[in-house]
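Biologist: Could you walk me through this one before I head back to the bench? I'd like to know which parts to trust and what sits inside.

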Amino acid sequence: LTIDLPKTMSMHFISLRRRLFTLIGVSIFTVASGCTVPDDTASISIIPIPSELNVGVGEFIFTNETVLAVDPDVETGAMMTAYIWADEFRAATGFELPLADATQNQNRENVVFLEINETGTGSTESYELRVAPESIRITAPAANGLFYGLQTLKQLMPPEIETLDNDRSDDVEISWSVPAVDIQDAPRFAY
């Protein structure tokens with residue numbers, strides 16, 4: 001069954017379709033142009049985008065003197081998270097990154113602190129990451145949150161963090177630095 005529409009009616013439908021596509025295009029452009037990233041966070045690329053991100057001044061620079069400080073009384077899962085991340089970091093950078101007692105290193109600089117704060121609010125996967133030129137501090141209510149905080153820290157590092165140190169030529173100089181930031185995040189969906 002075929003229905004032939006008069007030419008004027010057919011032209012009317014074509015005109016309506018053009019208007020509809022123009023309206024949709026303008027709407028998409030308007031919405032997309034309103035979704036901009038503030039200038040100070042544009043250079044920070046983290047997936048997924050954290051709940052809260054504030055860029056500070058300066059950067060933390062990892063050296064062979066940097067230590068990973070963990071409270072010795074922390075739960076086993078948090079200690080294992082620290083060991084595994086330190087091993088991956090060593091393999092990529094060639095730095096020692098020894099584990100140290102956080103209770104003995106509170107006033108020391110060039111330290112990455114991993115802290116469990118069970119009184120904090122939020123899910124066990126939430127965390128707070130504070131990077132300053134003197135130290136890095138990741139605080140979470142449980143080991144899960146420390147893990148996600150360390151994954152975010154890894155994303156802030158140079159891309160060479162994903163390669164092994166002995167796979168790069170010796171003449172490649174890498175600045176193992178992380179921009180100063182204050183990040184608070186928690187999963188948006190339960191798994």
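Modeller: Quick term to start: pLDDT is the predictor's confidence in each residue, from 0 to 100. You'll want it, as this is a predicted model.

Biologist: Which element has the highest confidence, and which the lowest?

Modeller: The protein averages a pLDDT of 82, and 76% of the residues score at least 70. At the low end is helix H1 (residues 7-34), with a mean of 51. The highest mean, 97, belongs to strand S5 (residues 127-131).

Biologist: Over which residues is the pLDDT below 50?

Modeller: Where pLDDT is low, the predicted coordinates should not be read in detail. The stretch in question has one contact in the model beyond near neighbours in sequence. It's residues 29-39.

Biologist: Which element gives the most to the largest nonpolar core?

Modeller: That core has 36 residues, and Phe62, Leu129, Ile136 and Leu153 touch the most other members. Several elements supply at least two residues each, including strand S4 (111-116), helix H3 (143-156) and helix H2 (76-93). With seven residues, the top contributor is H2.

Biologist: Is threonine 66 buried or exposed?

Modeller: Threonine 66 lies in the loop between strands S1 and S2. Buried means under 20% relative accessible area. Threonine 66 has 0%, so it counts as buried.

Biologist: And which side chain does the side chain of threonine 66 join in a polar contact?

Modeller: The threonine 66 side chain also reaches a backbone atom, the nitrogen of threonine 63, at 2.9 Å. For the side-chain pair, the distance is 2.7 Å, and the partner is asparagine 110.

Methods: Residues numbered from 1 in each chain as written. Predicted model: local features only at pLDDT ≥ 70, side-chain atom pairs only at ≥ 80, totals over all residues. Heavy atoms only, no water. Helix = DSSP H or I, 4+ residues; strand = E, 2+ residues; numbered from the N terminus. Contact = heavy atoms within 4.5 Å. Core = buried A, V, L, I, M, F, W, Y, C linked by side-chain atoms within 4.5 Å. Buried < 20%, exposed > 50% of the residue type's maximum accessible area, 1.4 Å probe, protein only. Polar contact = N/O pair within 3.5 Å; in protein donor to acceptor, adjacent residues only side chain to side chain.
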